[in-house]
Structure formats: structure tokens, C-alpha cells
Amino acid sequence: MSEAEAPLLVAENLGKDYGARIGCRGVSFELHEGEALAVVGESGSGKTTLLQLLSGEFAPTTGKVSYRLRDGDLRSLADLGEAERRFLMRTDWGFVRQDAREGLRMTVSAGANVGERLMGIGARHYGRIRATALEWLDRVEIEPERIDDAPASYSGGMRQRLQLARNLVTSPRLVFMDEPTGGLDVSVQARLLDLLRGLIADLKLAIVIVTHDLSVARLLSHRIMVMRRGRVIETGLTDQVLDDPREEYTQLLVSSVLQA
Amino acid sequence: MSESSAPRVAAAREAPSPSAPRAPGYNFAYLDEQTKRMIRRAILKAIAIPGYQTPFASREMPMPYGWGTGGVQVTAAVLGEDDVLKVIDQGSDDTTNAVSIRKFFERTAGVRTTTRTDEATIIQTRHRIPEAPLKEGQIIVFQVPIPEPLRFLEPRETETRKMHALEEYGLMHVKLYEDISRHGHIATTYAYPVRVDDRYLMDPSPTPKFDNPKMNHSPALQLFGAGREKRIYAVPPYTEVVSLDFEDHPFSADAPNEPCALCGARGVYLDEILLDDKGGRMFACSDTDFCESNRAATTEPRS
């Protein structure tokens with residue numbers, strides 16, 4: 001298999017139990033470079049647990065996650081040292097949280113938020129760090145004069161865009177997103193989604209996006225996984241699954257979307 | 001270290017204050033021998049891993065936290081009967097904190113004390129490193145309030161420990177970045193973070209950054225004690241200590257331009273002293289011993 005065809009992220013029979021309760025069970029899939037996978041399902045269906053397993057935040061009870069490093073080696077996350085995993089997390093990966101307060105440093109300026117990853121990998125030139133931060137703020141449509149403001153003074157939509165900039169500054173290949181549009185009003189959501197779609201295409205990002213909003217999934221993802229009670233009940237191309245759902249539960253999900 | 005054969009400073013020109021009789025009822029230097037051994041073990045570990053914050057079982061001391069309980073415990077553990085102790089607070093030998101700690105050890109250890117930097121074998125300090133260069137065989141003990149340089153950016157102790165373990169120090173530069181973006185320059189003037197021996201990030205206690213360069217390759221042993229936070233760390237003699245900075249905003253120690261109004265010394269750290277309520281002020285050496293020696297040297301030359 002040539003490098004271009006090799007998967008970037010492989011999940012094999014992933015499962016996580018919280019004591020007697022099931023977090024998720026038996027999840028397997030492959031994700032290729034530049035591919036967007038949406039994980040949908042109701043609250044408590046195990047979407048977020050799955051994301052935490054994939055990103056190495058939690059160790060799975062069963063199964064394993066492998067990731068193809070930049071040198072081309074497919075390595076199991078469990079075999080990586082903690083230092084390597086954390087390095088991966090702040091260079092080759094990104095994580096956009098639902099609550100921007102978890103993903104940002106609220107007390108330092110936007111510029112420092114974007115620059116943190118650069119400084120983390122050894123950038124020591126203030127002028128260049130700032131120039132890169134400005135460039136990224138521009139790409140996520142934040143006015144340059146807001147660079148020295150703390151994200152606490154930002155609106156919800158701006159915070160999410162700042163999170164994007166902070167994550168993308170090291171040109172990651174894989175970004176995890178946990179309900180990135182949650183809690184935003186519809187027009188702000190639309191703008192964020194538009195921006196996201198452009199960035200994913202430009203940067204050839206692979207993303208795993210967890211959402212309960214089917215329209216977000218339709219707009220951003222190529223493939224979709226429907227989860228219920230910790231298990232994947234249906235997978236396929238996004239359009240195919242949403243236009244012609246096979247499982248009863250998916251049919252219910254699709255039909256319960258309000259038509260404006 | 002108390003009973004060791006560490007090289008001592010050459011015989012003093014003027015005899016320091018004669019050793020006072022030790023007050024009855026106290027073990028030598030207040031702490032019991034087991035406690036001192038425990039602290040010495042922590043100190044040895046700290047010296048072996050320069051800049052690493054070694055935990056120790058800090059004791060209650062007869063003074064409030066923040067007054068130097070960590071420094072006092074370290075001093076008590078390294079103090080020997082023939083040591084000569086100097087205690088300074090902000091460079092001064094005669095402020096409350098310095099006087100009471102000096103008296104404490106006069107009473108409980110009966111050791112000789114001095115105000116002269118070159119006569120002392122152990123110098124306990126809050127904030128300053130004396131202007132007179134330190135020598136081999138001397139020990140300088142710093143009182144540290146917050147040993148963790150990353151604390152204000154990362155409140156979780158578990159996380160900062162991990163960051164030290166994995167050498168993830170980018171966050172410290174975030175702080176310096178913030179300084180520059182807010183003030184146009186690195187506005188941190190004390191507790192200025194340093195990298196020790198190209199490994200551990202260290203808070204040099206609230207010493208002004210003016211003193212940071214003195215830590216680099218110092219011939220004296222530098223010990224840091226944080227009583228409330230229960231940490232001891234150390235910089236062994238002749239160890240590299242580098243102040244963090246950016247390539248385009250390099251570290252500068254910022255020596256004051258003015259000379260000392262009392263002794264005329266230049267390039268030393270000055271205190272601003274208010275003289276009246278009409279805006280009168282003067283700048284004088286913060287290191288009182290250095291200032292007095294200078295003035296004595298100009299009036300009657302000493303050998």
C-alpha cells in the first residue's frame with residue numbers, strides 16, 4: 001500500500017466501560033488524510049467518550065488506536081510515551097472543544113493563545129511569533145487590532161474561531177472537534193461552518209467531528225457514523241446515510257430535524 | 001554540611017561578633033537532629049538535580065509563613081558551630097526580618113554572626129544577592145514564597161510537575177510574550193524565570209532580575225527553601241543559569257543609571273528612599289554592607 005493510501009488513524013474494536021456502564025463498545029474504522037468523519041447520535045450515546053479514546057485522553061478498556069506519524073510509521077497510541085503523545089497533541093493534532101474556555105487560555109491575549117504552540121516547539125522570536133499569530137487571526141476572520149485582547153472579551157463565535165487558529169498554527173494533519181458549533185446562534189454557526197469547510201479543504205485536514213446536529217455533519221463530513229448506546233449502528237457516506245437511512249433509529253434522527 | 005570539611009572563608013579581618021552562648025533548652029539551631037538530617041537529604045538531592053524542586057517535610061517554625069520559614073530550615077540544616085552567619089532582607093542587614101532571623105540563630109545555635117559578606121560562610125537572604133562577589137565555600141540560602149515558576153499560568157500541581165518532567169516549557173514564554181505585548185518589553189523585574197543547567201526551569205525567588213546574572217556560574221552554593229510549599233531546590237557552584245528571553249527581546253539586567261547617593265557606587269542595585277513629603281527622594285545601595293564598606297574605604301583606607 002502506498003503512503004497516500006495508508007490510513008492516518010485506525011481504530012480497532014475500541015471500547016470503554018465506566019464501571020458497569022458502557023461508554024462505547026466495538027468501534028472500528030479507518031480515517032485517511034484529508035477525510036472528514038462525523039460522529040452523530042443523541043446525548044449519552046458515547047460520542048464524546050469515543051473522541052477522548054481517539055485522542056488518547058483516556059486509555060480504552062478494549063481495542064487500540066493507531067496513528068501514522070509523519071515518518072510514515074503506523075504506531076499504537078498506547079505504545080507511544082507520554083512525552084510523544086503530548087508532543088503529537090500540540091503539533092500534529094488539534095482539539096477544538098465545545099466550551100472554548102477549556103480549549104483556550106482565557107487570561108492571556110489572543111496572540112499568546114495562538115503563539116503558545118509555536119513557543120512550545122521552540123519558537124523564540126517575538127516578532128515572528130506575532131506575525132504568524134496575526135496571519136492566523138486574519139485567516140479565521142478576527143480583526144488584527146483584537147490580538148492583544150484576552151479571549152474573555154470575545155464573543156462565543158470569535159472564541160471558537162480563535163480556538164481554530166490556536167490549533168491550526170502548527171499545521172496539524174488531524175483535528176478532533178467536539179460540538180464546535182454548540183451554543184452558537186444560527187448565523188454565527190453558519191459563518192463558523194463556512195470558515196471550517198474552507199480551512200479543511202485548503203489544509204487537507206483530516207477531522208473527526210462529534211455533533212448532534214445533522215446539518216453540521218452534512219455540511220462538513222464525507223463519512224458519518226451513527227452511534228446509539230455506545231455502539232455504532234450505521235456508517236457510510238454522509239449523503240447516503242442522511243438521504244437514505246437504513247436503521248430505524250437513524251430514520252428517526254433524520255426525520256426529527258426541523259425543516260425551516 | 002555542618003560537620004563537613006567544606007573549605008571555609010579565610011580568617012576574617014575583623015572578628016565577627018563573638019559566638020553568643022546558646023540559650024538552654026534548644027537543640028543546636030532549633031531543629032532536632034532527625035529533622036535536620038531529613039532536610040540535608042533533600043538538599044543533597046536538590047544539589048544532584050540542579051533546579052529540581054525537591055519535596056521535604058517542612059516543619060512549623062516559630063515565625064509566620066512568608067517570613068522565611070523555608071530559608072530558616074535550610075540554614076538550620078547546613079549550619080555548623082564554626083559557621084559565620086549573615087542574614088539580609090532586601091540587601092539590608094538591619095531590617096526586622098534580617099535582625100530577628102540573625103538573633104534566632106544567635107540564641108538557638110550560638111553561632112557567630114556578621115554583616116560583612118566576605119566574612120560570612122552562610123548568607124541567608126530574602127530578595128538580594130550581595131554586591132560583593134561570592135566565593136567558593138560560601139552558601140547562600142534564599143527564602144522562596146512560590147517555588148513554581150509556572151504556577152500563575154498553570155494552577156494544577158499535577159500538570160506543572162508533568163511539564164517539568166517532560167521539559168515542556170513553552171508556557172513560560174507565553175508569560176514573557178504577554179509582557180511584551182502589553183508593555184513593549186519584558187516587564188517581569190523580579191522572580192524572573194531561569195533555566196538551570198539547560199534542564200530545569202527555576203524561579204530564582206523574588207530576587208530582582210538585576211541579580212540573575214550573579215547566579216550564573218557562581219562559585220558559591222545556592223540553596224532555595226520554600227517552607228509553606230515544602231520544596232527545596234539548589235544551584236550547585238559553577239552551574240549555568242540562563243534567564244529566559246526572546247531573540248528579538250534579549251534579557252537585560254537593567255542596572256540603574258544613577259550612582260548611589262551615599263557611596264557613589266555605580267552599576268549596583270539601588271533603593272529609592274523618600275526623604276520628605278514634598279517629593280524629595282534619594283537612591284542608595286540596597287546592599288547596606290557594600291555601601292558601608294565603600295564609604296569606609298574612601299574615608300580611612302582599609303587593608
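In chain B, 64% of the contacts with a separation of 6 or more link residues that lie 24 or more positions apart. That is a good place to begin a walk through this structure, which is a predicted model.

**Chain B as a whole**

Let us stay with chain B for a moment. Its secondary structure consists of seven helices and 12 strands. The radius of gyration is 19 Å, close to the 19 Å that the globule rule gives for 303 residues, so chain B is as compact as a globular protein of that length. Measured out along the principal axes, its C-alpha trace spans about 55 × 50 × 35 Å. Of the 303 residues in chain B, 45% are buried.

**Two places to look at in chain B**

Start with Gln34(B), which sits in helix α1 of chain B, residues 33-48. Is Gln34(B) buried or exposed? A residue counts as exposed if 12 or fewer other C-beta atoms lie within 10 Å of its own. Gln34(B) has 8 C-beta neighbours inside 10 Å, so it counts as exposed. If you follow the chain for 15 residues from Gln34(B) to Ile49(B), the C-alpha atoms of the two are separated by 23 Å.

Next, find the hairpin of β11(B) and β12(B), which has six residues between the strands. Gly279(B) takes a positive phi near 90 degrees in this hairpin. Leu270(B) stands opposite Cys285(B), a residue of β12(B). The table sets this strand pair beside one from chain A.

| Strand pair | Bridges | Direction |
|---|---|---|
| β11(B), residues 270-274, with β12(B), residues 281-285 | five | antiparallel |
| β4(A), residues 62-68, with β5(A) | three | antiparallel |

**The sheet of chain A**

Strands of a sheet pair through backbone hydrogen bonds, either parallel or antiparallel. In chain A, four strands form an open sheet in the order β2-β1-β4-β5, with antiparallel pairing. Which strands stand at the edges? They are β2 (21-31) and β5 (74-76) of chain A; each has a single partner strand, so one side of each is left without a neighbour in the sheet. From one strand to the next, the twist averages 25 degrees. At the β5(A) edge, Arg68(A) has Leu74(A) as its bridge partner. Helix α1 of chain A, residues 47-54, packs on the sheet and touches β1 (9-18), β2 and β4 of chain A. The direction of this helix makes about 125 degrees with that of β1(A).

**Two crossing helices in chain A**

The axes of α4(A) and α5(A) come within 9 Å and cross at roughly 115 degrees, and the crossing is right-handed. On the α4(A) side, the contact is made by Ala110(A), Gly111(A), Val114(A), Gly115(A), Leu118(A) and Met119(A). From α5(A) come Ile129(A), Arg130(A), Thr132(A), Ala133(A), Trp136(A) and Leu137(A). Sorted by class, this contact has eight nonpolar, three polar and one charged residues.

**Where the chains meet**

How many residues does each chain bring to the contact? Chain A gives 17 residues and chain B gives 14 residues. On the side of chain A that touches chain B, α2 (82-91), α4 (110-120) and α5 (126-139) each supply at least two residues. The largest share there, six residues, comes from α4(A). By class, that side of chain A has six nonpolar, six polar and five charged residues.

Definitions and conventions
Residues numbered from 1 in each chain as written. Chains lettered and ligands numbered in written order. Predicted model: local features only at pLDDT ≥ 70, side-chain atom pairs only at ≥ 80, totals over all residues. Rg over C-alpha atoms; globule rule 2.2 N^0.38 Å. Buried ≥ 20, exposed ≤ 12 C-beta atoms within 10 Å, placed from the backbone. Contact = placed C-beta atoms within 7 Å. Nonpolar A, V, L, I, M, F, W, Y, C, P; charged D, E, K, R; others polar. Axes fitted to C-alpha atoms, helices over the stretch in contact; angles between N-to-C directions. Left-handed = near helix turned anticlockwise from the far one by under 90°. Pairing = 2+ DSSP bridges.
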